[in-house]
Amino acid sequence: MIEARHLRVLRAVSATGSFSAAARELGCTQPAVSQQMKALESSAGTTLLIRTGREMRLTQAGEALVRHASGILAGLTAAEEEVAAIAGLRAGRVRLVSFPSGSSSLVPGALAALRAAHPGTQVSLVEAEPPRSVEMLRDGDCDIALAFRYGEPGAEEWDDLVVRPLLTDRLTGLVPEGHALADRDAVGIAELAGEPWIAGCPRCRRQLVEVCEESGFTPRIDFATDDYPAVIGLVGAGLGVAVLPSLAIESVRPRGARTVTVEPAIEREIVALTLPDLARVPAVSATLDELARAASR
């Protein structure tokens, strides 16, 4: 019988490429990893890894096991959590991954409310932008992923996931104080065609270029950074203009910069994602509910 702990080790070896690196990731010794891999190959009845010098590669059977491991491990986690809740343990664990502006705006209120209502529930938080956050969810490295997307959703983008819509976040323009457009209530994006731009995360950057090109120009991006306070600081220093999600501006005081409404509207859909099995776990369900409440405030 194939054991879950052996699948975790196989996945770590596949991801890191060696027993020693997998041991470091799992917090155990290299001999322990080697023993568990031998036990897994014995259970599977076939060779899963081929060792050639310092390199290691999966056999076809090994690739098949790794491909199924994430779904199996996620299902087991869901089963363990649900059984514990049914048994009246009144505890739970939720691993949350969020993009930075979500972490500073939606997450704090949601987790404070969750702790007040369910003090036994433990929540961990790490930050990652989509699509990396969605990959982490599918790989079994988190239970809930806060993510966003622009425009019309692709038919297959999240079709294997439970999608909890939270809010629509409109992007806001930023110009330096003293800029000719700083006192305007609304600005057409084409009016910024000759300006130097400061761009945000790769997905936001791509959307900016698409919107500008639809308005007849290609933006001259002088600076690009994933750090929203840095974007605001660069605009405030007079080094360019930018468009940022409203959620990002909420948590940062835009010193030296003025916000303006940009037309046409650029919007992104903010959602919470989880796997179908995990959606039935009480702690995960409660966290999704609190995120939805935080988004509606």
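The following dialogue examines how terms such as buried, edge-to-face and contact apply to this predicted model.

Visitor: What does the chain contain in the way of secondary structure?
Guide: The chain has eleven helices and twelve strands. Its C-alpha atoms fill a box of roughly 75 × 50 × 35 Å along the principal axes. Of its 297 residues, 44% count as buried.

Visitor: How many aromatic pairs does a search of the whole structure find?
Guide: The search finds two aromatic pairs. One of them is formed by phenylalanine 99 and phenylalanine 148, with 5.1 Å from centre to centre and 85° between the planes.

Visitor: Why is the pair of phenylalanine 99 and phenylalanine 148 called edge-to-face?
Guide: Two values are needed, because a pair of aromatic rings is described by the distance of the centres and the angle of the planes. Rings pair if their centres lie within 6.5 Å, and planes over 60 degrees apart count as edge-to-face. The distance here is 5.1 Å and the angle is 85°, so both conditions are met and the pair is edge-to-face.

Visitor: What makes this a pair that links distant parts of the chain?
Guide: The two residues are 49 residues apart. Phenylalanine 99 is in the loop between β3 (92-98) and α5 (100-117), whereas phenylalanine 148 is in strand β5 (residues 144-150).

Visitor: How do you know whether phenylalanine 99 and phenylalanine 148 are buried or exposed?
Guide: Buried means under 20% relative accessible area. Phenylalanine 99 has 0%, so it counts as buried. Phenylalanine 148 also has a relative accessible area of 0% and is therefore buried.

Visitor: Why is the pair of phenylalanine 148 and tyrosine 150 edge-to-face?
Guide: The ring centres of phenylalanine 148 and tyrosine 150 are 5.9 Å apart, and their planes stand at 80°. The distance is within 6.5 Å and the angle is over 60 degrees, so this pair is edge-to-face. Tyrosine 150 is buried, as is phenylalanine 148. Ring pairs thus join Phe99, Phe148 and Tyr150 in a cluster.

Visitor: What makes one say that the charged end of arginine 268 sits over the ring of phenylalanine 148?
Guide: The charged end of arginine 268 is 4.5 Å from the centre of that ring. The limit for the distance is 6 Å, and the charge must also lie within 35 degrees of the ring normal. The charged end of arginine 268 is accordingly described as sitting over the ring.

Visitor: Where is arginine 149, and why does it count as buried?
Guide: Arginine 149 is in strand β5. Its relative accessible area is 10%, which is under 20%, so arginine 149 is buried.

Visitor: What joins the side chains of arginine 149 and glutamate 157?
Guide: They are joined by a polar contact of 3.4 Å, and the limit for such a pair of N or O atoms is 3.5 Å. Beyond four places in sequence, arginine 149 touches Glu157, Trp158, Arg203, Arg268 and Glu269.

Visitor: Why is glutamine 207 called buried?
Guide: Glutamine 207 has a relative accessible area of 16%; this is under 20%, so the residue is buried. It lies in helix α7 (residues 202-214). Residues up to four places away in sequence aside, glutamine 207 touches Tyr150 and Ile266.

Visitor: Why do serine 104 and glutamate 82 count as partly exposed?
Guide: Partly exposed residues fall between the limits of 20% and 50%. Serine 104 has 37% and glutamate 82 has 30%, so each is partly exposed. Serine 104 is in helix α5, and its side chain reaches the backbone oxygen of serine 101 at 3.2 Å. Glutamate 82 is in helix α4 (residues 60-86). With neighbours within four places in sequence set aside, glutamate 82 is in contact with Arg280 and Pro282.

Visitor: Which residues have the most contacts inside the largest nonpolar core?
Guide: That core has 70 residues, and those with the most contacts inside it are Ile144, Leu166, Ile189, Trp197, Ile270 and Leu273. Apart from this core lies another, of 18 residues, including Met37 and Val66. Isoleucine 270 is in contact with residues including Phe99 and Phe148, its neighbours within four places in sequence being left aside.

Terms used:
Residues numbered from 1 in each chain as written. Heavy atoms only, no water. Phe/Tyr/Trp six-rings, centres within 6.5 Å; stacked < 30°, edge-to-face > 60°. Helix = DSSP H or I, 4+ residues; strand = E, 2+ residues; numbered from the N terminus. Buried < 20%, exposed > 50% of the residue type's maximum accessible area, 1.4 Å probe, protein only. Contact = heavy atoms within 4.5 Å. Polar contact = N/O pair within 3.5 Å; in protein donor to acceptor, adjacent residues only side chain to side chain. Core = buried A, V, L, I, M, F, W, Y, C linked by side-chain atoms within 4.5 Å.
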